[in-house]
Amino acid sequence: MFIVWKGKKVVLALLLLILAECALSAFLIVRNLPSKKASLIDFTVVIDAGHGGIDGGVVGADGVKESDLNLAYSKELGALFERAGFAVVYTRKSEGGLYGLPTKGFKLRDMLERKRIIEEARPNLMISVHMNKFGASYRSGPQVFFQEGSEQGRLLAQSLQRAFNDFVGKDREALAGDYFVCRETTCPAVIVECGFLSNEEECRSLQTDKYREQICNVIFNGTMLYLYSA
Ligand SMILES: [Zn+2]
């Protein structure tokens, strides 16, 4: 009888211990769960979807607007960073532009608003997403640009261009230039031209879910390679 009672006591004690552990684990899990906007990594990436609103950017032969594709690619890319635990700030998450009223000087107001959002985010990295156009239709493939004189911008751009080259089987160099969003951003910043809307075949590919996912994965992986080697 005593032995059984002792056994019951042990069982009860074990049960209580297990329950206590479960409660503790649940508490720790809940406490550590990130809120919707919290991130697991103290590292902020700004994703800048180029153009928007009355500024559609370049237009494909089928009428597709660069601004709409930029937005779709930016959301997809941002989701990849968010899933990996990064904090992500988007300059725009809708089709509208950032200029307020579509009146004279809208382009400058749009650019200044991007600059304001980027400055406020104090990012560790900025990726501006665009689609390309060229007079002749044969040109295709992604191209990465960085601000002339920015060493980290160059390294990030080269890492992304290498990842793109592997993906599309080309041998392109990342190109330097003078670009407002890169010049006005103090962190490593790049402009990614995902492909040419002036190339009919690529224009069609760029509009498919599969190609968008692939391109965004390449950008994400190229960024990771840059961070590992930085
Ligand atoms: Zn553009």
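## Strand pairing

Two strands count as paired when DSSP finds at least two bridges between them. That cut-off matters for the strand at the centre of this report, β3. The model is predicted.

Strand β1 covers residues 44-49 and pairs with β3 through five bridges. The pairing runs in the parallel sense. Across it, Val45 stands opposite Leu125 of β3.

Strand β6 covers residues 189-196 and also pairs with β3. Here six bridges link the two strands, again in the parallel sense. One residue to look for is His130, whose bridge partner in β6 is Glu193.

## The whole chain

The protein chain holds seven helices and six strands. Read from the N terminus, the order of elements is α-β-α-β-α-β-β-α-β-α-β-α-α.

The chain has 230 residues, and 36% of them are buried. Now take contacts between residues at least 6 apart in sequence. Of these, 75% join residues at least 24 apart.

## Strand β3 up close

Is β3 buried or exposed? Eight of its eight residues, 125-132, are buried, so the strand is largely enclosed by the rest of the structure. A residue is buried here if 20 or more other C-beta atoms lie within 10 Å of its own.

Both faces of β3 are covered. On one side sit Leu125, Ile127, Val129 and Met131, all buried. On the other side, Met126, Ser128, His130 and Asn132 are all buried too. Two of these residues have already appeared: Leu125 stands opposite Val45, and His130 has Glu193 as its bridge partner in β6.

Key. Residues are numbered from 1 along each chain as its sequence is written. This is a predicted model: local features need pLDDT of at least 70, side-chain atom pairs count only at pLDDT 80 or more; totals for chains, interfaces and linings use all residues. Helices (H or I, at least four residues) and strands (E, at least two) are DSSP runs, numbered from the N terminus. A residue is buried if 20 or more other C-beta atoms lie within 10 Å of its own, exposed if 12 or fewer, and partly exposed in between; C-beta atoms are placed from the backbone. Two residues are in contact if their C-beta atoms, placed from the backbone, lie within 7 Å.
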